[in-house]
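Me: Please take one part of this model and examine it closely, beginning with the contacts of a single residue. I should like a connected account that leads from there to the interior of the protein.

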Amino acid sequence: MKYKILGETLPVVVCELEGGERMINEGGSMSWMSPNMLMETTTNGGLGKAFGRMLSGEKMFQNIYTAQGGPGMIAFASSFPGSIRPFEIGPGQEMVFQKSAFLAGEAGVQLSVFFHKKFSAGLFGGEGFIMQKVSGQGTVFAEFDGHVVEYELQAGQQIVIDTGHLAAMTSSCSMEIRSVPGVKNMLFGGEGIFNTVITGPGRVWLQTMPVSNMAGALRPYLPSGS
C-alpha cells in the first residue's frame, strides 16, 4: 500500500492498493475510490471487539475495502480541521489514540479499548478515561484536531496536559489523571479540575484545538433553545 496525505486545514489521505490488498475504516470516512474497491461491513472480530470499539468512541461495525482484479485507489478525509498522521504498527509499536481518532488502516491493524488503570480518576477526568489502543501489523491513519505538537519523553520525564489536548502516545508511556491542587484553583482557575500527566519513555502527540474546546468556544454565539 502506498499513500499520500493532501491538504492542510481539512486533509485527506489517498491510498493506492495492489490487487487483493485491504483497508479498514469506520463508516463515513471514505471520500472517493476506484470502481474495483469492494466494500464489506463487518464486526471485524466478533461482537466482543465491536463493543470494545464502541466504548473507545468508534462504531460497532467497520468497513473493509478490498482492491479486486488489480490495483485500486481509496481516499479517507478528516471530519474536522486538523491533521492526518500515519503510524506504523507492529510488535512493540502499539499506539494509544484519543477517542474517535482512528480514520483508516491496513487490514492487519486491530482496534481495542484502552482503559485508564484508575477507574474513578479516569471517569471524572473525561477524555483521559477511555482511549483507543491500536495493535497488530500495518499502517494506520489517525485524525487529530488542530495543529499537532510532538514531544519525545525520556524515562521518568513527565508532561502535564489539559484534558482533551492529548492526541496520541506510544504504548510505552504511562498516563495518570490528577486533580488540580487547591479548591480555589479548581473553581476559579478556568482550566478545569483535572489534568493528564504522561510519563516517559515514549513519544506524545498533542493537539491544539480539541473538538470539545471548539464547541465550548462557539456555544455563547449559538441561539439558545426556546
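Reply: Leaving aside residues up to four places away in sequence, leucine 10 touches Ser78, Phe80 and Pro81. The model examined here is predicted. Leucine 10 belongs to the loop between strand S1 (2-6) and strand S2 (12-17). Its relative accessibility is 55%, and because a value over 50% is called exposed, leucine 10 counts as exposed. One of its contacts, phenylalanine 80, is 70 residues away in sequence, yet the two C-alpha atoms are 6.7 Å apart in space.

The two strands on either side of this loop run antiparallel, and five bridges join S1 to S2. Within this pairing, lysine 4 stands opposite valine 14 in S2. The hairpin of S1 and S2 has five residues between the strands, and glycine 7 takes a positive phi near 90° there.

Pro81, a contact of leucine 10, is also touched by phenylalanine 144. This shared contact leads to the aromatic residues. The structure holds six aromatic pairs. One of them joins phenylalanine 87 to phenylalanine 144 in an edge-to-face arrangement, with 6.2 Å from centre to centre and 65° between the planes. Phenylalanine 87 is in strand S8 (residues 82-89) and phenylalanine 144 is in strand S13 (residues 138-145), so that this pair links distant parts of the chain, 57 residues apart. Are these two rings buried or exposed? Phenylalanine 87 has a relative accessible area of 7% and is buried. Phenylalanine 144, at 1% relative accessibility, also counts as buried. Both verdicts follow because a residue is called buried under 20%.

Phenylalanine 87 has a further partner, tryptophan 205, and this pair is edge-to-face as well, at 5.1 Å from centre to centre and with 80° between the planes. Because phenylalanine 87 lies in strand S8 and tryptophan 205 in strand S19 (residues 202-207), the pair ties together parts that are 118 residues apart in sequence. Tryptophan 205 is likewise buried, with a relative accessible area of 7%. Ring pairs link Phe87, Phe97, Phe144 and Trp205 into a cluster.

Three of these aromatic names return in a wider setting. Which residues of the largest nonpolar core touch the most other members? They are Phe87, Phe97, Val140 and Phe144, in a core of 18 residues. At least two residues of this core are supplied by each of S8, strand S9 (95-97), strand S11 (109-115), S13 and strand S16 (166-170). The largest share, three residues, comes from S13, the strand that holds phenylalanine 144. Not counting residues up to four places away in sequence, phenylalanine 144 touches a list of residues that includes Phe87, Phe97, Ala101, Ala167 and Ala168. Apart from this core lies another, of 13 residues, among them Leu17, Met23, Ile74 and Ile84.

Other residues add to the picture of the interior. Isoleucine 177 is placed in strand S17 (residues 174-179) and is buried, with a relative accessible area of 6%. Isoleucine 177 and phenylalanine 194 are 17 residues apart in sequence and 6.7 Å apart in space, C-alpha to C-alpha. Cysteine 15 is buried at a relative accessible area of 0%, and cysteine 173 is buried at 8%. A disulfide is a covalent bond between the sulfur atoms of two cysteines. The count of disulfides in this model is zero.

These details may finally be set against the whole protein. The protein has four helices and 19 strands. Buried residues make up 44% of its 226 residues. Among contacts between residues at least 6 apart in sequence, 78% join residues at least 24 apart. The accessible surface comes to about 11500 Å², and 58% of this surface belongs to carbon and sulfur atoms.

How values were computed. Residues numbered from 1 in each chain as written. Predicted model: local features only at pLDDT ≥ 70, side-chain atom pairs only at ≥ 80, totals over all residues. Heavy atoms only, no water. Phe/Tyr/Trp six-rings, centres within 6.5 Å; stacked < 30°, edge-to-face > 60°. Buried < 20%, exposed > 50% of the residue type's maximum accessible area, 1.4 Å probe, protein only. Contact = heavy atoms within 4.5 Å. Areas by Shrake-Rupley, 256 points an atom, 1.4 Å probe, with all protein chains shown as cover. Core = buried A, V, L, I, M, F, W, Y, C linked by side-chain atoms within 4.5 Å. Pairing = 2+ DSSP bridges. Disulfide = S-S within 2.5 Å.
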